[in-house]
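Reader: Hey, could you walk me through this one? I'd like to start with the ligand and then move on to the fold.

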Amino acid sequence: MACTVVWFRRDLRLSDHAALSQACRRGAVLPVFVLDRDLLFHPETAVARVAFMLESLRALDAELRQRGGRLLIRSGDPAEVLLQLVRASGADGVIAHTDSERLVGRVRDARVSRALAAHRIPLHWVEPAGATGELMPYSHWSRQWHQAMASPALPAPEQLMVPAPSEALPDLPVPSLQELGLRADAKPIPTGGSAAAFQRLEQFCEGSASRSYYWELSYPSAKVTTGLSPYLKFGVITPRQCLQRLAWLLPRSSGAGGRRDPRGRSAVQLASRLRWGCAIHQRFRFLPQLELSALWSPLEGGSGASPAASGLSSDEAAGGLTAEQEELYAAWREGRTGFPIVDAAARCLQAEGGWLELNFRSRAFYASFLSNLCGIDWRFGALHYMRHLIDGDCPIDHYQWAMQAGVTYHGSKAWTRIYHPGQVAVDRCDPQGLFIRRWLPELRGLTNDQLGSPPAMADYPAPVLDYDRSRRLRLEALEQQRLHIGDVQAAMARLPQHLHPFGYERIAGCDVAWADLWANQPPSALQPSAVDLERLDPAGWKALFSWFSGTSRTNNTSRSTGAARKGNSSKASAGRSRSRRAQGSPGQLSLDLGFALDAEIG
Ligand SMILES: Cc1cc2nc3c(=O)[nH]c(=O)nc-3n(C[C@H](O)[C@H](O)[C@H](O)COP(=O)(O)OP(=O)(O)OC[C@H]3O[C@@H](n4cnc5c(N)ncnc54)[C@H](O)[C@@H]3O)c2cc1C
């Protein structure tokens, strides 16, 4: 009878699992998860996230056992482990979902593909629902994604045929963090497994959060987020499963009554967020270099200005920090900037891994403070987030960071939101001071209107920067920097020759040997392969740009931007900027340089 090794990775579930369903239809299966050193000791690994993954592996094993199966847990090089398991079980192939979350995985999967091919062992890659390897315009992808989300989720197999434990295929328990050589921090770990994920989804849909999610999303203390993010990150539940449950909440009528229905509005809002997450993953599928750099190469670096324009030393331009920036970076990480809402976010992230309480708005203003007001390269912030977030998801995290920093800006979204970290933020996001007082007990005695800018206190620091000055410097720097973009095809970041994760030199005990071995390979050599910008034809460029234009409008403006275009367009954009500024709230500023990415290409 046919036997297939099912290689579980970021898909720790039994239902809506296309690879498992296909393997079960063939006959026996050997479910395996490989604990891979390259991932466990990646500089961006958060120990608490690994702990959550281990919990989810235990839950998956238990679910498999209820169905007559088991999960084989192995440690080591996945290529060697899979070869050994195929031999020991007599399996005639391996099946797995593709995973384009990060470079380390794509290098690993390329290596595994080669190793199995060298031994003539078929390895079948299955696309997760809604994902594609084909470069297509965003609008086509979106249609395809909606169709995939509407098609039925696959049921979990009722029974599995799994080879019994033997000397060659022993049962090994899921190890502890300690056994993996990792030291736990004190973060509470969410319950792992699909049952817990569905319970969260159900709680959200049936409870009060679904009524207030739409309105209270921006309040850190509101606790209306779903808490699904760690489960989505490890594929314990799929976006399709969430969307199909949310569909029950959608307004039955599209009339005024239906549109006002609070649960319906929340469901629509949450569905959009799930789509954003999938779309960001798809962008990384095409351009994995976004893990390492901003979309536009000339915008890379720290203070916001290009090295030439800002007079940065070569050290800073290469991602180093000045002594002053090191101090700011430490204050930002440790929650001692002197801006209470920023410091509360810092402490919440370190204490709890942010998955429940650090919602989008809190992550955004905390990120904006570092990259915009401190002028520090966004990648330092993304690294810190990833080392603490229990839901840390490289594409969402890195893309959002680059967006908040204004360096991966889109044609029609050229403005950069610089959040005011003082009383404006308190009034908008935490008007009763619940979030701030929870994380900064030393400020409990202050009134709400003192929480934006506390009086001098012995046990709370003075502000580390002047908001108005820092904001002005950043906006000037960004404007200067954007003038250097020039031809957008040439400016789009390329896959570098060396794939070392940003900032790895700062992280003791990390292991980036995989990156040392992978040098000067073309984008097509990754698994899944990436778009090779050097070989892209005009139609390909057009399709690619549609992912970054933010509009489906096409026009016939020049494909380059910068000083040459500044003349007329800057007047028009100044007008637009002013009108947006007038409508916007404090801390927001439009920086529309008339950048038309969806321009006629080629
Ligand atoms: C600087 C920054 C870094 C971030 N890093 C991460 C990260 O590492 N992992 C992560 O899952 N989210 C990240 N987010 C997005 C968002 O803040 C979180 O997804 C959300 O707070 C998680 O809570 P939830 O699952 O309860 O969210 P919900 O509001 O319930 O959303 C459900 C899911 O939708 C997706 N989603 C929600 N918001 C966004 C968004 N703005 N962009 C893309 N997808 C979204 C996520 O998969 C999320 O789990 C980041 C946002 C910012 C501004």
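Author: Below we chat about the ligand shell and then about the sheet. This is a predicted model, where local features need pLDDT of at least 70, side-chain atom pairs count only at pLDDT 80 or more, and totals for chains, interfaces and linings use all residues. Residues are numbered from 1 along each chain as its sequence is written.

Reader: Cool. How many residues surround the ligand, and which are the closest?

Author: 28 residues surround the ligand, and the closest are Thr225, Thr226, Ser229, Gly277 and Asp397. A residue counts as near if its C-beta atom, placed from the backbone, lies within 6 Å of the molecule.

Reader: Which helix gives the most to that shell?

Author: α12 does, with six residues. Helices here are DSSP runs of H or I with at least four residues, and strands are runs of E with at least two, numbered from the N terminus.

Reader: And where does the ligand lie relative to the domains?

Author: Between domain 1 (194–284) and domain 2 (293–492), because both give residues to the shell. Those bounds come from an automatic or database domain assignment.

Reader: Switching topic: what's the strand order in the open sheet?

Author: Five strands run β3-β2-β1-β4-β5, with parallel pairing. Two strands pair if DSSP finds at least two bridges between them.

Reader: Which strands stand at the edges?

Author: β3 (72–75) and β5 (123–126). Each has a single partner strand, so one side of each is left without a neighbour in the sheet.

Reader: How many bridges join β2 to β3?

Author: Four. Leucine 35 stands opposite serine 75 in β3.
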